[in-house]
Amino acid sequence: MQHGSGKIIPEGFLWGGAVTSFQTEGAWNEGGKGPSIVDARPVKEGSSDWKTAVDFYHRYKEDIALFKEMGFNAYRTSISWARIFPDGEGEANEEGLQFYDHLFDEMLANGIQPVITLYHFDLPLALAEKYNGFSSRKTVDSFEKYARTVFKRYQHKVKYWLTFNEQNLVLTNPEFWGVSLEGAESEEALRYQTAHNVFIAHAKAVKALHEIVPGGKMAGMVTYTTIYPHTTNPRDVLAAMKAKELLCDFFFDVFAFGEYPSYVKSDLAKKGIMPVMEEGDAGLLKENTADYLSISYYQSQTASAEKAEQLTANPCLQTNEWGWAIDPVGLRICLKDMYARYRLPIFITENGIGLREQLNENGTVEDDARIDYLREHIQQMKLAMEEGVDVFGYLTWGSTDLISSGGSFEKRYGFIYVNRGESDLRDLKRYKKKSFDWYKQVIASNGEKLDLQPAVSSQQK
Ligand code: BG6
(Lines give C-alpha, C1' and ligand atoms only; values in the text may rest on other atoms or scores of the structure.)
Protein backbone atom coordinates (compact mmCIF):
# COMPACT_ATOMS: atom_id res chain seq x y z
CA MET A 1 0.00 0.00 0.00
CA GLN A 2 1.51 3.27 -1.03
CA HIS A 3 -0.97 5.67 0.52
CA GLY A 4 -4.05 5.53 2.72
CA SER A 5 -4.99 2.47 4.73
CA GLY A 6 -6.97 0.09 2.51
CA LYS A 7 -6.73 -1.00 -1.09
CA ILE A 8 -7.92 1.81 -3.29
CA ILE A 9 -8.64 -0.09 -6.48
CA PRO A 10 -11.53 -2.53 -6.08
CA GLU A 11 -11.51 -6.13 -7.29
CA GLY A 12 -12.94 -6.45 -10.78
CA PHE A 13 -11.44 -3.12 -11.89
CA LEU A 14 -11.05 -3.12 -15.68
CA TRP A 15 -7.47 -2.97 -16.97
CA GLY A 16 -6.33 -3.11 -20.57
CA GLY A 17 -5.75 -1.09 -23.70
CA ALA A 18 -7.75 0.76 -26.32
CA VAL A 19 -7.59 1.10 -30.08
CA THR A 20 -9.86 1.59 -33.09
CA SER A 21 -10.72 -0.63 -36.00
CA PHE A 22 -9.13 1.62 -38.64
CA GLN A 23 -5.88 2.21 -36.74
CA THR A 24 -5.25 -1.53 -36.24
CA GLU A 25 -7.29 -3.85 -38.46
CA GLY A 26 -6.08 -3.14 -41.98
CA ALA A 27 -7.96 -5.40 -44.47
CA TRP A 28 -9.49 -2.17 -45.67
CA ASN A 29 -11.27 -3.80 -48.62
CA GLU A 30 -11.65 -7.38 -47.37
CA GLY A 31 -14.63 -9.29 -46.01
CA GLY A 32 -17.12 -7.19 -47.95
CA LYS A 33 -16.12 -3.95 -46.20
CA GLY A 34 -17.11 -0.73 -47.94
CA PRO A 35 -14.89 2.36 -48.05
CA SER A 36 -14.98 4.77 -45.12
CA ILE A 37 -14.03 8.43 -44.97
CA VAL A 38 -10.68 7.34 -43.52
CA ASP A 39 -9.91 5.28 -46.65
CA ALA A 40 -10.65 8.34 -48.77
CA ARG A 41 -8.43 10.69 -46.74
CA PRO A 42 -5.37 11.93 -48.65
CA VAL A 43 -2.16 10.39 -47.29
CA LYS A 44 0.34 13.00 -46.14
CA GLU A 45 3.85 12.90 -47.54
CA GLY A 46 5.98 10.58 -45.37
CA SER A 47 2.96 9.12 -43.56
CA SER A 48 1.10 5.83 -43.70
CA ASP A 49 -2.20 4.95 -45.26
CA TRP A 50 -4.66 2.82 -43.27
CA LYS A 51 -4.80 -0.10 -45.69
CA THR A 52 -2.81 -2.60 -43.62
CA ALA A 53 -2.36 -0.83 -40.27
CA VAL A 54 -0.98 -3.58 -37.98
CA ASP A 55 -3.01 -6.29 -39.71
CA PHE A 56 -5.04 -7.01 -36.59
CA TYR A 57 -7.78 -8.37 -38.86
CA HIS A 58 -5.59 -11.39 -39.62
CA ARG A 59 -3.43 -11.45 -36.48
CA TYR A 60 -5.92 -10.82 -33.70
CA LYS A 61 -5.42 -14.25 -32.12
CA GLU A 62 -1.69 -13.66 -31.71
CA ASP A 63 -2.31 -10.18 -30.27
CA ILE A 64 -5.02 -11.34 -27.88
CA ALA A 65 -2.68 -14.05 -26.56
CA LEU A 66 -0.18 -11.29 -25.72
CA PHE A 67 -2.89 -9.18 -24.07
CA LYS A 68 -3.86 -12.18 -21.99
CA GLU A 69 -0.24 -12.64 -20.97
CA MET A 70 -0.23 -9.02 -19.74
CA GLY A 71 -3.37 -9.81 -17.72
CA PHE A 72 -5.86 -7.60 -19.60
CA ASN A 73 -9.46 -8.14 -18.53
CA ALA A 74 -10.76 -5.51 -20.96
CA TYR A 75 -9.91 -4.31 -24.45
CA ARG A 76 -11.52 -1.41 -26.24
CA THR A 77 -11.86 -1.32 -29.98
CA SER A 78 -14.46 -0.01 -32.38
CA ILE A 79 -16.69 -1.73 -34.88
CA SER A 80 -16.09 -0.56 -38.42
CA TRP A 81 -19.57 0.53 -39.52
CA ALA A 82 -18.51 0.03 -43.16
CA ARG A 83 -17.76 -3.67 -42.46
CA ILE A 84 -21.35 -4.11 -41.26
CA PHE A 85 -23.08 -1.78 -43.75
CA PRO A 86 -20.67 -1.25 -46.65
CA ASP A 87 -22.73 1.70 -47.94
CA GLY A 88 -23.81 2.84 -44.49
CA GLU A 89 -27.38 1.69 -45.11
CA GLY A 90 -29.21 -1.13 -46.86
CA GLU A 91 -28.50 -4.77 -46.05
CA ALA A 92 -26.07 -5.86 -43.34
CA ASN A 93 -22.94 -7.71 -44.47
CA GLU A 94 -22.87 -11.13 -42.79
CA GLU A 95 -19.12 -11.54 -43.27
CA GLY A 96 -18.48 -8.32 -41.39
CA LEU A 97 -20.78 -9.37 -38.55
CA GLN A 98 -18.99 -12.71 -38.37
CA PHE A 99 -15.58 -11.08 -38.08
CA TYR A 100 -16.62 -9.33 -34.86
CA ASP A 101 -18.33 -12.50 -33.61
CA HIS A 102 -15.01 -14.32 -33.91
CA LEU A 103 -13.04 -11.43 -32.44
CA PHE A 104 -15.30 -11.02 -29.40
CA ASP A 105 -15.40 -14.80 -28.86
CA GLU A 106 -11.62 -14.90 -28.87
CA MET A 107 -11.41 -12.06 -26.34
CA LEU A 108 -13.99 -13.65 -24.05
CA ALA A 109 -12.29 -17.06 -24.25
CA ASN A 110 -9.15 -15.31 -22.97
CA GLY A 111 -10.92 -13.54 -20.10
CA ILE A 112 -11.00 -10.15 -21.88
CA GLN A 113 -14.22 -8.10 -21.98
CA PRO A 114 -14.78 -6.28 -25.25
CA VAL A 115 -15.45 -2.56 -24.65
CA ILE A 116 -16.89 -1.35 -27.93
CA THR A 117 -17.09 2.05 -29.58
CA LEU A 118 -19.84 2.29 -32.17
CA TYR A 119 -18.26 5.17 -34.02
CA HIS A 120 -14.63 6.26 -34.12
CA PHE A 121 -14.33 8.79 -36.98
CA ASP A 122 -14.80 6.25 -39.81
CA LEU A 123 -18.15 7.00 -41.41
CA PRO A 124 -19.05 4.86 -44.43
CA LEU A 125 -17.98 7.06 -47.33
CA ALA A 126 -21.36 6.75 -49.06
CA LEU A 127 -23.07 8.60 -46.19
CA ALA A 128 -20.58 11.46 -46.44
CA GLU A 129 -21.11 11.72 -50.18
CA LYS A 130 -24.89 11.34 -50.15
CA TYR A 131 -25.92 13.26 -47.06
CA ASN A 132 -22.88 15.29 -45.94
CA GLY A 133 -22.50 12.92 -42.99
CA PHE A 134 -24.04 13.79 -39.65
CA SER A 135 -25.19 17.21 -40.84
CA SER A 136 -28.25 15.25 -42.00
CA ARG A 137 -30.83 13.36 -39.94
CA LYS A 138 -30.70 10.66 -42.66
CA THR A 139 -27.28 9.67 -41.31
CA VAL A 140 -28.71 9.65 -37.79
CA ASP A 141 -31.37 7.17 -38.95
CA SER A 142 -28.74 4.94 -40.56
CA PHE A 143 -26.64 5.10 -37.40
CA GLU A 144 -29.61 3.97 -35.33
CA LYS A 145 -30.17 1.02 -37.65
CA TYR A 146 -26.48 0.08 -37.45
CA ALA A 147 -26.51 0.39 -33.63
CA ARG A 148 -29.62 -1.78 -33.31
CA THR A 149 -28.09 -4.39 -35.63
CA VAL A 150 -24.89 -4.76 -33.60
CA PHE A 151 -26.67 -4.62 -30.21
CA LYS A 152 -28.89 -7.53 -31.30
CA ARG A 153 -26.00 -9.48 -32.73
CA TYR A 154 -23.56 -9.04 -29.82
CA GLN A 155 -26.03 -8.76 -26.95
CA HIS A 156 -24.51 -11.74 -25.12
CA LYS A 157 -20.91 -10.72 -25.78
CA VAL A 158 -20.60 -7.00 -25.07
CA LYS A 159 -21.76 -5.16 -21.96
CA TYR A 160 -19.80 -1.87 -22.12
CA TRP A 161 -20.39 0.36 -25.12
CA LEU A 162 -19.44 3.88 -26.15
CA THR A 163 -21.47 5.75 -28.74
CA PHE A 164 -19.05 8.26 -30.28
CA ASN A 165 -15.35 8.55 -29.66
CA GLU A 166 -14.49 11.99 -28.28
CA GLN A 167 -17.86 13.46 -29.16
CA ASN A 168 -16.72 16.95 -28.15
CA LEU A 169 -14.50 17.12 -31.24
CA VAL A 170 -17.65 17.45 -33.36
CA LEU A 171 -17.56 21.24 -32.99
CA THR A 172 -13.89 21.64 -33.89
CA ASN A 173 -13.59 18.74 -36.37
CA PRO A 174 -16.94 18.12 -38.08
CA GLU A 175 -15.01 16.34 -40.87
CA PHE A 176 -14.56 13.39 -38.46
CA TRP A 177 -18.35 13.03 -38.70
CA GLY A 178 -18.23 13.16 -42.50
CA VAL A 179 -19.31 16.82 -42.67
CA SER A 180 -17.88 19.36 -45.09
CA LEU A 181 -18.50 23.00 -44.16
CA GLU A 182 -17.96 24.16 -47.71
CA GLY A 183 -20.75 26.35 -48.99
CA ALA A 184 -22.46 26.60 -45.61
CA GLU A 185 -24.38 29.83 -45.04
CA SER A 186 -22.98 29.89 -41.54
CA GLU A 187 -20.16 27.49 -40.68
CA GLU A 188 -20.84 27.91 -36.99
CA ALA A 189 -24.52 27.10 -37.38
CA LEU A 190 -23.61 23.94 -39.31
CA ARG A 191 -21.15 22.88 -36.62
CA TYR A 192 -23.88 23.19 -33.95
CA GLN A 193 -26.49 21.49 -36.14
CA THR A 194 -24.09 18.57 -36.59
CA ALA A 195 -23.39 18.52 -32.85
CA HIS A 196 -27.14 18.39 -32.20
CA ASN A 197 -27.67 15.56 -34.67
CA VAL A 198 -24.85 13.60 -33.04
CA PHE A 199 -26.45 14.13 -29.60
CA ILE A 200 -29.70 12.73 -31.02
CA ALA A 201 -27.84 9.75 -32.51
CA HIS A 202 -26.21 9.18 -29.11
CA ALA A 203 -29.56 9.27 -27.29
CA LYS A 204 -31.15 6.92 -29.84
CA ALA A 205 -28.31 4.45 -29.30
CA VAL A 206 -28.69 4.66 -25.49
CA LYS A 207 -32.41 3.94 -25.89
CA ALA A 208 -31.79 1.04 -28.28
CA LEU A 209 -29.15 -0.53 -26.03
CA HIS A 210 -31.44 -0.42 -23.01
CA GLU A 211 -34.27 -1.97 -25.02
CA ILE A 212 -32.15 -4.74 -26.53
CA VAL A 213 -29.47 -5.55 -23.94
CA PRO A 214 -30.65 -5.78 -20.33
CA GLY A 215 -27.76 -4.58 -18.17
CA GLY A 216 -25.93 -3.02 -21.14
CA LYS A 217 -24.01 0.13 -20.21
CA MET A 218 -23.55 3.07 -22.54
CA ALA A 219 -21.08 5.90 -22.14
CA GLY A 220 -20.89 9.41 -23.42
CA MET A 221 -17.25 10.10 -24.20
CA VAL A 222 -15.18 13.26 -24.33
CA THR A 223 -11.51 13.93 -24.85
CA TYR A 224 -10.73 15.83 -21.70
CA THR A 225 -8.12 18.54 -21.82
CA THR A 226 -7.69 20.04 -18.39
CA ILE A 227 -7.62 23.81 -18.89
CA TYR A 228 -5.82 26.20 -16.55
CA PRO A 229 -5.96 29.99 -16.51
CA HIS A 230 -2.75 31.30 -18.05
CA THR A 231 -2.35 33.76 -15.14
CA THR A 232 -4.21 34.52 -11.93
CA ASN A 233 -5.92 37.48 -13.61
CA PRO A 234 -9.67 36.87 -13.05
CA ARG A 235 -10.27 37.46 -16.76
CA ASP A 236 -7.97 34.53 -17.56
CA VAL A 237 -9.71 32.43 -14.92
CA LEU A 238 -13.03 33.19 -16.62
CA ALA A 239 -11.55 32.41 -20.05
CA ALA A 240 -10.41 28.99 -18.76
CA MET A 241 -13.87 28.33 -17.32
CA LYS A 242 -15.57 29.26 -20.58
CA ALA A 243 -13.19 27.14 -22.66
CA LYS A 244 -13.91 24.15 -20.42
CA GLU A 245 -17.66 24.76 -20.69
CA LEU A 246 -17.54 24.60 -24.45
CA LEU A 247 -14.97 21.82 -24.80
CA CYS A 248 -16.06 19.45 -22.05
CA ASP A 249 -18.96 20.48 -19.81
CA PHE A 250 -21.46 21.06 -22.64
CA PHE A 251 -21.12 17.44 -23.73
CA PHE A 252 -21.09 15.85 -20.31
CA ASP A 253 -24.04 18.04 -19.24
CA VAL A 254 -26.14 16.69 -22.12
CA PHE A 255 -24.98 13.07 -21.53
CA ALA A 256 -25.67 13.23 -17.80
CA PHE A 257 -28.61 15.64 -17.44
CA GLY A 258 -30.27 15.16 -20.83
CA GLU A 259 -30.59 18.82 -21.75
CA TYR A 260 -28.62 21.69 -23.19
CA PRO A 261 -26.99 23.75 -20.46
CA SER A 262 -28.15 27.37 -20.13
CA TYR A 263 -24.68 28.76 -20.93
CA VAL A 264 -24.85 27.15 -24.40
CA LYS A 265 -28.52 27.96 -25.03
CA SER A 266 -28.06 31.65 -24.25
CA ASP A 267 -24.98 31.86 -26.44
CA LEU A 268 -26.69 30.16 -29.40
CA ALA A 269 -29.79 32.34 -29.02
CA LYS A 270 -27.66 35.48 -28.91
CA LYS A 271 -25.89 34.46 -32.11
CA GLY A 272 -29.15 33.35 -33.76
CA ILE A 273 -27.82 29.88 -34.55
CA MET A 274 -29.99 27.60 -32.44
CA PRO A 275 -29.98 24.19 -34.21
CA VAL A 276 -33.18 22.91 -35.77
CA MET A 277 -34.71 20.55 -33.24
CA GLU A 278 -37.39 18.10 -34.25
CA GLU A 279 -40.44 17.31 -32.20
CA GLY A 280 -39.49 14.73 -29.61
CA ASP A 281 -35.78 15.66 -29.46
CA ALA A 282 -35.98 17.23 -26.01
CA GLY A 283 -37.78 14.19 -24.56
CA LEU A 284 -35.38 11.78 -26.22
CA LEU A 285 -32.36 13.52 -24.69
CA LYS A 286 -34.00 13.79 -21.28
CA GLU A 287 -35.04 10.13 -21.11
CA ASN A 288 -31.84 8.59 -22.42
CA THR A 289 -28.94 9.75 -20.34
CA ALA A 290 -25.65 7.86 -20.23
CA ASP A 291 -24.92 5.06 -17.73
CA TYR A 292 -21.31 6.11 -17.22
CA LEU A 293 -18.91 8.76 -18.46
CA SER A 294 -15.77 8.04 -20.37
CA ILE A 295 -12.71 10.13 -21.15
CA SER A 296 -9.55 10.05 -23.11
CA TYR A 297 -6.89 12.04 -21.27
CA TYR A 298 -3.50 12.94 -22.67
CA GLN A 299 -2.63 16.51 -21.73
CA SER A 300 -3.60 19.90 -20.34
CA GLN A 301 -3.47 23.42 -21.77
CA THR A 302 -4.02 26.99 -20.65
CA ALA A 303 -6.47 29.72 -21.68
CA SER A 304 -6.16 33.48 -21.55
CA ALA A 305 -8.63 36.32 -22.07
CA GLU A 306 -6.31 37.89 -24.59
CA LYS A 307 -6.26 34.86 -26.90
CA ALA A 308 -9.72 33.51 -26.09
CA GLU A 309 -9.92 31.48 -29.30
CA GLN A 310 -6.67 29.61 -28.79
CA LEU A 311 -5.43 27.38 -26.00
CA THR A 312 -1.76 27.78 -25.21
CA ALA A 313 1.04 25.69 -23.74
CA ASN A 314 1.70 25.68 -20.01
CA PRO A 315 5.24 26.88 -19.23
CA CYS A 316 5.28 24.76 -16.03
CA LEU A 317 5.03 21.46 -17.92
CA GLN A 318 7.24 19.35 -20.16
CA THR A 319 5.90 17.99 -23.43
CA ASN A 320 6.51 14.98 -25.65
CA GLU A 321 8.00 15.40 -29.11
CA TRP A 322 4.59 16.36 -30.51
CA GLY A 323 4.11 19.17 -27.97
CA TRP A 324 1.57 17.36 -25.78
CA ALA A 325 2.01 18.54 -22.17
CA ILE A 326 2.70 15.77 -19.67
CA ASP A 327 0.41 16.47 -16.74
CA PRO A 328 -0.63 13.59 -14.47
CA VAL A 329 -2.03 15.98 -11.84
CA GLY A 330 -4.30 17.34 -14.58
CA LEU A 331 -5.91 13.88 -14.73
CA ARG A 332 -6.69 14.02 -11.02
CA ILE A 333 -8.18 17.50 -11.39
CA CYS A 334 -10.32 16.26 -14.28
CA LEU A 335 -11.58 13.20 -12.38
CA LYS A 336 -12.43 15.20 -9.25
CA ASP A 337 -14.23 17.85 -11.25
CA MET A 338 -16.23 15.34 -13.30
CA TYR A 339 -17.31 13.34 -10.30
CA ALA A 340 -18.30 16.41 -8.31
CA ARG A 341 -20.52 17.59 -11.20
CA TYR A 342 -22.10 14.30 -12.31
CA ARG A 343 -21.72 11.57 -9.65
CA LEU A 344 -21.59 9.01 -12.44
CA PRO A 345 -19.04 6.17 -12.65
CA ILE A 346 -16.04 7.07 -14.79
CA PHE A 347 -14.14 4.84 -17.21
CA ILE A 348 -10.76 6.13 -18.44
CA THR A 349 -10.74 4.61 -21.91
CA GLU A 350 -7.57 6.27 -23.28
CA ASN A 351 -4.38 7.52 -21.66
CA GLY A 352 -0.89 7.31 -23.05
CA ILE A 353 2.12 8.91 -24.62
CA GLY A 354 3.31 8.81 -28.21
CA LEU A 355 7.05 8.17 -28.54
CA ARG A 356 9.48 7.68 -31.42
CA GLU A 357 11.03 4.25 -30.81
CA GLN A 358 13.37 1.72 -32.31
CA LEU A 359 13.92 -1.94 -31.65
CA ASN A 360 17.32 -2.50 -29.99
CA GLU A 361 19.77 -5.39 -30.51
CA ASN A 362 17.98 -7.39 -27.79
CA GLY A 363 14.73 -7.28 -29.72
CA THR A 364 13.02 -4.92 -27.31
CA VAL A 365 12.42 -1.22 -26.64
CA GLU A 366 13.53 0.44 -23.40
CA ASP A 367 10.45 2.63 -23.10
CA ASP A 368 11.06 4.02 -19.64
CA ALA A 369 9.41 7.30 -20.65
CA ARG A 370 6.15 5.40 -21.28
CA ILE A 371 6.42 3.60 -17.94
CA ASP A 372 6.98 6.92 -16.14
CA TYR A 373 4.08 8.58 -17.91
CA LEU A 374 1.62 5.77 -17.19
CA ARG A 375 2.82 5.20 -13.63
CA GLU A 376 2.32 8.84 -12.71
CA HIS A 377 -1.14 8.95 -14.28
CA ILE A 378 -2.23 5.77 -12.51
CA GLN A 379 -0.94 7.21 -9.24
CA GLN A 380 -2.99 10.35 -9.71
CA MET A 381 -6.04 8.25 -10.63
CA LYS A 382 -5.57 6.34 -7.37
CA LEU A 383 -5.33 9.56 -5.39
CA ALA A 384 -8.58 10.77 -6.97
CA MET A 385 -10.20 7.42 -6.10
CA GLU A 386 -8.93 7.71 -2.55
CA GLU A 387 -10.76 11.02 -2.41
CA GLY A 388 -13.96 9.26 -3.41
CA VAL A 389 -14.08 9.42 -7.21
CA ASP A 390 -15.72 6.32 -8.70
CA VAL A 391 -13.40 5.10 -11.47
CA PHE A 392 -14.10 1.53 -12.60
CA GLY A 393 -11.54 1.03 -15.35
CA TYR A 394 -8.33 2.28 -16.91
CA LEU A 395 -7.29 1.56 -20.49
CA THR A 396 -4.10 2.81 -22.09
CA TRP A 397 -4.13 4.13 -25.63
CA GLY A 398 -2.61 1.40 -27.78
CA SER A 399 -1.54 -2.11 -26.79
CA THR A 400 0.32 -3.04 -29.90
CA ASP A 401 1.69 -0.01 -31.73
CA LEU A 402 -0.82 1.45 -34.17
CA ILE A 403 -1.19 4.22 -36.70
CA SER A 404 -1.68 7.60 -35.06
CA SER A 405 -4.74 9.64 -35.91
CA GLY A 406 -2.66 11.88 -38.16
CA GLY A 407 -1.41 8.87 -40.13
CA SER A 408 2.05 8.46 -38.62
CA PHE A 409 3.40 5.10 -37.56
CA GLU A 410 6.46 6.63 -35.95
CA LYS A 411 4.39 8.04 -33.09
CA ARG A 412 4.15 4.78 -31.19
CA TYR A 413 1.87 4.03 -28.24
CA GLY A 414 2.04 0.28 -27.56
CA PHE A 415 3.49 -2.15 -25.02
CA ILE A 416 4.12 -4.32 -28.07
CA TYR A 417 6.38 -3.04 -30.84
CA VAL A 418 5.13 -3.78 -34.35
CA ASN A 419 7.88 -4.09 -36.90
CA ARG A 420 6.79 -1.78 -39.69
CA GLY A 421 7.65 1.73 -40.87
CA GLU A 422 5.54 4.42 -42.52
CA SER A 423 5.24 2.81 -45.92
CA ASP A 424 7.59 -0.17 -45.49
CA LEU A 425 5.45 -2.93 -43.97
CA ARG A 426 8.51 -5.12 -43.12
CA ASP A 427 7.27 -8.30 -41.44
CA LEU A 428 4.78 -6.77 -38.94
CA LYS A 429 6.27 -9.00 -36.26
CA ARG A 430 5.42 -8.27 -32.62
CA TYR A 431 8.08 -7.63 -29.92
CA LYS A 432 7.51 -6.98 -26.22
CA LYS A 433 8.75 -3.61 -24.97
CA LYS A 434 10.03 -3.07 -21.43
CA SER A 435 6.62 -1.62 -20.50
CA PHE A 436 5.01 -5.01 -21.29
CA ASP A 437 6.32 -6.60 -18.10
CA TRP A 438 5.74 -3.41 -16.13
CA TYR A 439 2.03 -3.26 -17.08
CA LYS A 440 1.71 -6.98 -16.41
CA GLN A 441 2.91 -6.36 -12.86
CA VAL A 442 0.56 -3.37 -12.43
CA ILE A 443 -2.43 -5.47 -13.48
CA ALA A 444 -1.41 -8.54 -11.46
CA SER A 445 -1.16 -6.37 -8.34
CA ASN A 446 -4.41 -4.53 -9.22
CA GLY A 447 -2.55 -1.24 -9.33
CA GLU A 448 -0.54 -1.75 -6.13
CA LYS A 449 2.90 -2.30 -7.66
CA LEU A 450 3.68 0.63 -9.90
CA ASP A 451 7.47 0.55 -9.73
CA LEU A 452 9.46 -1.85 -11.83
CA GLN A 453 11.33 -3.08 -8.79
CA PRO A 454 8.68 -2.81 -6.16
CA ALA A 455 10.50 -0.39 -3.89
CA VAL A 456 9.48 2.90 -2.35
CA SER A 457 7.66 5.18 -4.74
CA SER A 458 9.25 8.53 -5.22
CA GLN A 459 6.37 9.73 -7.31
CA GLN A 460 3.99 10.64 -4.51
CA LYS A 461 2.94 14.23 -4.74
C1 BG6 B 1 -7.47 10.14 -29.52
C2 BG6 B 1 -8.15 9.35 -30.59
O3 BG6 B 1 -7.79 11.49 -29.75
O4 BG6 B 1 -6.10 10.20 -29.48
C5 BG6 B 1 -7.26 8.31 -31.24
O6 BG6 B 1 -9.29 8.74 -30.06
C7 BG6 B 1 -5.87 8.82 -31.39
O8 BG6 B 1 -7.86 7.91 -32.44
C9 BG6 B 1 -5.33 9.16 -30.01
O10 BG6 B 1 -5.01 7.93 -32.06
C11 BG6 B 1 -3.90 9.63 -29.99
O12 BG6 B 1 -3.73 10.70 -30.87
P13 BG6 B 1 -2.64 10.63 -32.01
O14 BG6 B 1 -2.92 11.81 -32.88
O15 BG6 B 1 -1.32 10.70 -31.34
O16 BG6 B 1 -2.86 9.34 -32.71
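Me: Which strands does helix H13 (residues 368–386) lie across, and at what angle does H13 run to S10?

Reply: H13 lies across strand S1 (14–18), S7, S9 and strand S10 (391–397). Contact means heavy atoms within 4.5 Å, and the elements are DSSP runs numbered from the N terminus (helices H or I, at least four residues; strands E, at least two). H13 runs at about 165° to S10; that angle is taken between N-to-C directions on a scale from 0 to 180 degrees, with axes fitted to C-alpha atoms, for helices over the stretch in contact. Bear in mind that this is a predicted model, where local features need pLDDT of at least 70 and side-chain atom pairs 80 or more, while totals for chains, interfaces and linings use all residues. Residues are numbered from 1 along each chain as its sequence is written, and side-chain values use heavy atoms, with hydrogens and water left out.

Me: How do you know that S7 and S9 pair, and how many bridges join them?

Reply: Pairing takes at least two DSSP bridges. Five bridges join S7 (residues 292–297) to S9 (residues 346–351), so they count as a pair. The two strands run parallel, and Leu293 stands opposite Ile346 in S9.

Me: What makes the barrel closed, strand by strand?

Reply: Eight strands run S1-S2-S3-S4-S5-S7-S9-S10 in a closed barrel, with parallel pairing. The twist averages 25° from one strand to the next.

Me: What makes H8 and H9 a contact, and which residues meet?

Reply: Tyr192, Phe199 and His202 in H8 meet Leu246, Phe250, Phe251, Val254 and Phe255 in H9. By class, the contact has seven nonpolar residues, one polar and no charged. Ala, Val, Leu, Ile, Met, Phe, Trp, Tyr, Cys and Pro count as nonpolar, Asp, Glu, Lys and Arg as charged, and the others, Gly among them, as polar, so His202 is polar here. The axes of H8 (residues 187–212) and H9 (residues 234–257) come within 11 Å and cross at roughly 35°.

Me: Why is the crossing of H8 and H9 called right-handed or left-handed?

Reply: It's right-handed. The label applies because the near helix is turned clockwise from the far one by less than a right angle; anticlockwise would make it left-handed.

Me: What makes a space a pocket, and how much space lies in the largest one?

Reply: On a 1 Å grid over the protein atoms alone, a pocket is an open set with protein on both sides within 12 Å along at least five of seven lines, lined by residues with an atom within 4 Å of a point. The largest holds about 880 Å³, counted as the space filled by probe spheres on grid points joined across faces, edges and corners. Of its 25 lining residues, Lys242, Ala243, Leu246, Ala308 and Glu309 are closest to the centre. H9 gives the largest share, eight residues. The lining has 13 nonpolar, three polar and nine charged residues.

Me: What makes a cavity, and how many of 30 Å³ or more are there?

Reply: There are three. A cavity is a set of points where a 1.4 Å probe fits but cannot get out. The largest has about 90 Å³, and its lining includes Trp28, Asp39 and Arg83. That lining divides into three nonpolar, four polar and five charged residues.
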